[in-house]
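Here are my comments on the structure you passed along, set out as numbered points. Please read them with the model open beside you.

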Amino acid sequence: MTNTYTVPSVNAAVNVTCTVTGTTTYTVTLTVNKDGGAFESHGKTFTLRQGVASYTGTGANGTVTFSGVPNGTYDIFDGVTDTGLNVTVNAGAASAALNYYTLNFSVIDDGDASGSTIIATYGGAPVGEETVVLGGKTLFITAIGAGASIYTYSWSGITTGTATDGQYMVGSVNAKVEVTCTVTGTKLYSVSLIVSMDGAALVSGKTFTLRQDGVTKYTGMLMMGGTVLFLDVAKGVYQLYDGNTDTGIQTDVINADVPEVLEYYTISYYVTDKGDAYGSTITATYNGSPIISGTKVIGGKELVITVMGEGATVYEYVWSGSASGTSASYTTTVNDGVNAICTVTGTKLYSVSITVNLDGTTLAPGKTFTLRKDGVTMYTGTAVDGIISFTNVVNDVYQLFDGETDTGLTVTADGTSSNPDLKYFTIRYSVVDAGMASGSKISATYGGAAINSGTVVIGGKQLIVTVTAAGAPAYTYAWSGMAYGTTNQYTLNSVNATVNVTCTVTGTEAGGGGGGFPVMIIVGIIAAVAAAGAAVWFFLLRKR
């Protein structure tokens, strides 16, 4: 019913009565807030609705007034949207409040991330950035990483909600929301490893890992064809391990897939003895660590193989196989398989001592002795305290020389043979004239060579002492000292002691008699020289 009655066309008497029934109304005040303060210049139209009844509020800022509102409960509308809130008028003025909040959200790329996006829903409906919403509903904000392989999410700002990886949720918005999600992207790459053994593909038996600071990050398995593949590898610097062994290969993953090559080689080494060598040993180190023959190593590092000769005194080393050289060790950088063989030729060296004396006593120092082989001097020694010493003598038979004189002694160096002593003796000889002898001479040879009285000789040779008498027709000889005999010659087949002999030569007249009678020899010479020739007669007169 309205307060106006209308008759379109009066054609009879009109007698109407209007009974007016009055209704009491009240004022409703609506406070509109934004982010905790008055919502200035909100530009919104608010209405109170109950069934078909509707009341429109006035006021542009944070306070909206509704006039002439009767008793009842009314829904509050923001434009055509039910806010979900109501106000009750009960015989007096009433009030209500609406709280609006700003939703600010953004995304920042970091690392390898590029072009990441962010979306949000409020109360189940999509909302954009810088949206103002009525509080009380659930907000979901989701960051979506882009440009990389894997992502991490970090939320910051006014965070009143809960962040889980790339999603941020506020169960009931009751404050301003202002959050930023930093998306850190990481690109992932592959590392392909080709493994070979002595130039051929390694087909099984090993597990390889990529580690950082000793911590395993990625594991790869050896596949057919000698290939190991590591997938989804993040950028970084890694050490390649074979099981728990550091291969020494550093893998730098930067901005691309990485190929690597790992080459294993077999290290074999042997020692063979020759000559006097016996039980020689051989050892090896690779990159400073000991290894045994047959070890398989990763190439590129230093190998040192060392041989220790045994069983002799001096050694010669000859390397063969894949090695070469003549020293006791072989060093190389391994870039292929190694098969090194060392032949050790050992020579035993001995000390040779020869006792030397003169006339049965120690020989005074000063002489130089040599051991010679085929006339070539091999070793030199001197006599000290009656001993000639030669050291480091090779097993052989030598001639002993005194200076340039062959002593005639043969010296054997074998560690077991006893060598003869070297004995020097002084040869002294003299002649004494007696009777009619005068001017007799004496001489000697030793080993066939003439020597003077007082000569020092090496024993063992023949001595012949000969007297040449003079001054008389006839002579007798008497030897003294160590000699004996009645001829003009004394012979000692082998000198083995000091020789000091004297020969007394007695000169007599020619002839002689027995029984103690003197013998007189008279020689008469009659000569006749003629123009035609000459003749000489000799007469021998002997008295009986």
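1. Which residues make the nonpolar surface patch of about 490 Å²? In this predicted model, the patch is made by Tyr5, Val7, Val10, Val14 and Val16. One of these residues, Val10, is found in the segment before strand S1, which covers residues 25–34. Val10 has a relative accessible area of 56% and is therefore classed as exposed, the cut-off for that class being over 50%.

2. The next point concerns strand S1 and its partners. S1 pairs with strand S8 (residues 94–111) in the parallel sense, over seven bridges, and within this pairing Leu30 stands opposite Ala96 in S8. Strand S8 also pairs with strand S16 (residues 177–186), again in the parallel sense, over nine bridges, with Phe105 standing opposite Val179 in S16. Towards strand S11 (residues 131–134), by contrast, S8 runs antiparallel, and four bridges join the two strands; here Thr102 stands opposite Val132 in S11.

3. Strand S40 (residues 441–446) deserves a look for the way in which its side chains alternate. Ile442, Ala444 and Tyr446 point to one face and are buried, whereas Lys441, Ser443 and Thr445 point to the other face and are not buried. S40 is joined by six bridges to strand S43 (residues 463–468), the two strands running antiparallel, and Lys441, from the face that is not buried, stands opposite Thr468 in S43.

4. S40 also pairs with strand S41 (residues 449–451), in the antiparallel sense and over three bridges, and Ala444, one of the buried side chains of S40, stands opposite Ile451 in S41. What phi does Gly447 take in the hairpin of S40 and S41? The hairpin has two residues between the strands, and Gly447 takes a positive phi near 60°.

5. Turning to charged pairs, the count of salt bridges comes to seven. As a general matter, side chains of opposite charge can pair when their charged atoms come close. One of the salt bridges is formed by Asp78 with Lys44, whose closest N and O atoms are 3.1 Å apart. This pair links distant parts of the chain, since Asp78 lies in strand S6 (residues 72–78) and Lys44 in the loop between strand S2 (37–38) and strand S3 (46–50), 34 residues apart. Asp78 is buried, with a relative accessible area of 16%, while Lys44, with a relative accessible area of 27%, is partly exposed.

6. A further salt bridge is formed by Glu404 with Arg372, the closest N and O atoms again being 3.1 Å apart. The two residues come from distant parts of the chain, 32 residues apart: Glu404 is in the loop between strand S37 (396–402) and strand S38 (405–413), and Arg372 is in strand S34. Is Glu404 buried or exposed? Its relative accessible area of 65% makes Glu404 exposed, whereas its partner Arg372 is buried, with a relative accessible area of 9%.

7. Strand S34 takes part in another salt bridge, in which the side chains of Asp396 and Lys373 meet at 3.1 Å, N to O. This pair, too, links distant parts of the chain, with Asp396 in strand S37 and Lys373 in strand S34, 23 residues apart. Asp396 is partly exposed, with a relative accessible area of 29%, and Lys373 likewise counts as partly exposed, at 27% relative accessibility.

8. The last point is Thr370, which is found in strand S34 (residues 368–373). Which side chain does the side chain of Thr370 meet in a polar contact? The partner is the side chain of Arg372, at 3.1 Å, and Arg372 is the residue that also forms the salt bridge with Glu404. Thr370 counts as buried because its relative accessibility is 8%, and the cut-off for this class is under 20%. When its neighbours within four places in sequence are left aside, Thr370 is in contact with Thr377, Tyr379, Thr380, Phe390, Gln399, Leu400, Phe401 and Gly403.

Conventions
Residues are numbered from 1 along each chain as its sequence is written. This is a predicted model: local features need pLDDT of at least 70, side-chain atom pairs count only at pLDDT 80 or more; totals for chains, interfaces and linings use all residues. Side-chain values use heavy atoms; hydrogens and water are left out. Patches are made of residues with over 30% relative accessible area and no salt bridge: like charges are joined within 9 Å, nonpolar side chains (Val, Leu, Ile, Met, Phe, Trp, Tyr) within 5 Å. Accessible areas come from the Shrake-Rupley method with a 1.4 Å probe; for residues, only the protein chains shown count as cover. A salt bridge is a side-chain nitrogen of Lys or Arg within 4 Å of a carboxyl oxygen of Asp or Glu. Buried means under 20% relative accessible area, exposed over 50%, partly exposed in between (1.4 Å probe, protein chains only). A polar contact is a pair of N or O atoms within 3.5 Å; within protein, one must be able to donate a hydrogen and the other to accept it, and residues adjacent in sequence count only if both atoms are side-chain atoms. Contact means heavy atoms within 4.5 Å. Two strands pair if DSSP finds at least two bridges between them.
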